[in-house]
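The exercises below are meant to be worked through with the sequence and the model side by side. Please try each task before reading the solution that follows it.

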Amino acid sequence: TLPGDPSFSTRFMVDGRYVREGYEDVFYFCDSEVGQVIRCVDSDHSGVIEPSEATTSFMFGPSSSSSVMYSPDTLAVYPDTSVSPAETRVYVALDNWQPSSLGFARGIHRLVDLNGDGDAMDTGEQSVFVASSMNLTVTGLSGPVPLTLDRWKQVRVLPGGKVVAFAAGYS
């Protein structure tokens with residue numbers, strides 16, 4: 001049994017990453033049916049993630065127009081050791097065409113557990129990192145190219161903390 005709305009019978013875990021937090025390996029997964037990020041820690045070191053060791057790190061919510069959102073699609077994690085105490089930054093891509101039932105629009109969202117309670121659902125712990133609605137440009141071969149779509153296929157973080165993302169298709 002996974003955390004979240006029990007009325008959803010199937011889970012679509014579409015991407016996952018792990019990061020070292022203190023002495024623990026912590027796994028983050030996208031559950032794109034329910035619209036949430038799952039955080040898993042093998043606290044008893046049994047080699048198995050028991051249901052009690054899987055919690056909701058953040059809830060974007062299911063689609064506002066149907067029973068499922070099929071987003072978030074990809075995520076990246078980065079252990080930011082430049083701050084004390086160290087913080088895990090989770091970058092999560094939503095490509096939903098309509099805002100979720102909880103009002104989250106498409107783009108890449110940054111999640112940071114600022115108070116150390118194991119989730120990023122408190123005020124100020126979630127922010128939009130990048131979205132086409134921000135009127136941003138990226139470097140192109142012939143000069144600046146406007147960012148006009150949010151069909152994120154992969155988000156990753158390089159060792160120095162730089163976020164890289166791949167988007168495909170038309171807006």
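**Exercise 1: Phenylalanine 27 and its surroundings**

Phenylalanine 27 has a relative accessibility of 31% and therefore counts as partly exposed, in a model that is predicted. Task: work out which class this value belongs to, and then find the strand and the surface patch that include phenylalanine 27.

Step 1. Buried means under 20% relative accessible area and exposed means over 50%, with partly exposed in between; because phenylalanine 27 stands at 31%, the class is partly exposed.

Step 2. Along the chain, phenylalanine 27 lies in strand 2, which covers residues 24–31.

Step 3. On the surface, Phe27 joins Tyr18 and Ile49 in making a nonpolar patch of about 280 Å².

**Exercise 2: The sheet that holds strand 2**

Task: state the order of the strands in the open sheet that includes strand 2, and say which strands stand at its edges.

Step 1. The order is 1-2-3-4, and these four strands form an open sheet with antiparallel pairing.

Step 2. Strand 1 (13–21) and strand 4 (54–59) each have a single partner strand, so they stand at the edges and one side of each is left without a neighbour in the sheet. From one strand to the next, the twist averages 25°.

Step 3. Strand 1 and strand 2 run antiparallel and are joined by eight bridges; arginine 20 has aspartate 25, in strand 2, as its bridge partner.

**Exercise 3: A second open sheet**

Task: describe the open sheet with the order 5-6-7-8, and find the residue that stands opposite alanine 76.

Step 1. Four strands make up this open sheet, and their pairing is antiparallel. Its edges are strand 5 (74–80) and strand 8 (126–130), each of which has a single partner strand, so each keeps one side without a neighbour in the sheet. Here the twist averages 25° from one strand to the next.

Step 2. Seven bridges connect strand 5 with strand 6 (residues 87–94), and the two run antiparallel. Tyrosine 91, in strand 6, stands opposite alanine 76.

**Exercise 4: The chain and its cysteines**

Task: count the helices, strands and disulfides, and decide whether cysteine 30 and cysteine 40 are buried or exposed.

Step 1. The protein chain has twelve strands and zero helices, and buried residues account for 40% of its 171 residues.

Step 2. Cysteine 30 is buried because its relative accessible area is 0%, and cysteine 40, at 6%, is buried as well.

Step 3. A search of the whole structure gives zero disulfides.

Conventions: Residues are numbered from 1 along each chain as its sequence is written. This is a predicted model: local features need pLDDT of at least 70, side-chain atom pairs count only at pLDDT 80 or more; totals for chains, interfaces and linings use all residues. Side-chain values use heavy atoms; hydrogens and water are left out. Patches are made of residues with over 30% relative accessible area and no salt bridge: like charges are joined within 9 Å, nonpolar side chains (Val, Leu, Ile, Met, Phe, Trp, Tyr) within 5 Å. Accessible areas come from the Shrake-Rupley method with a 1.4 Å probe; for residues, only the protein chains shown count as cover. A salt bridge is a side-chain nitrogen of Lys or Arg within 4 Å of a carboxyl oxygen of Asp or Glu. Buried means under 20% relative accessible area, exposed over 50%, partly exposed in between (1.4 Å probe, protein chains only). Two strands pair if DSSP finds at least two bridges between them. Axes are lines fitted to C-alpha atoms, for helices over the stretch in contact, and angles run from 0 to 180 degrees between N-to-C directions. A disulfide is a pair of cysteine sulfur atoms within 2.5 Å.
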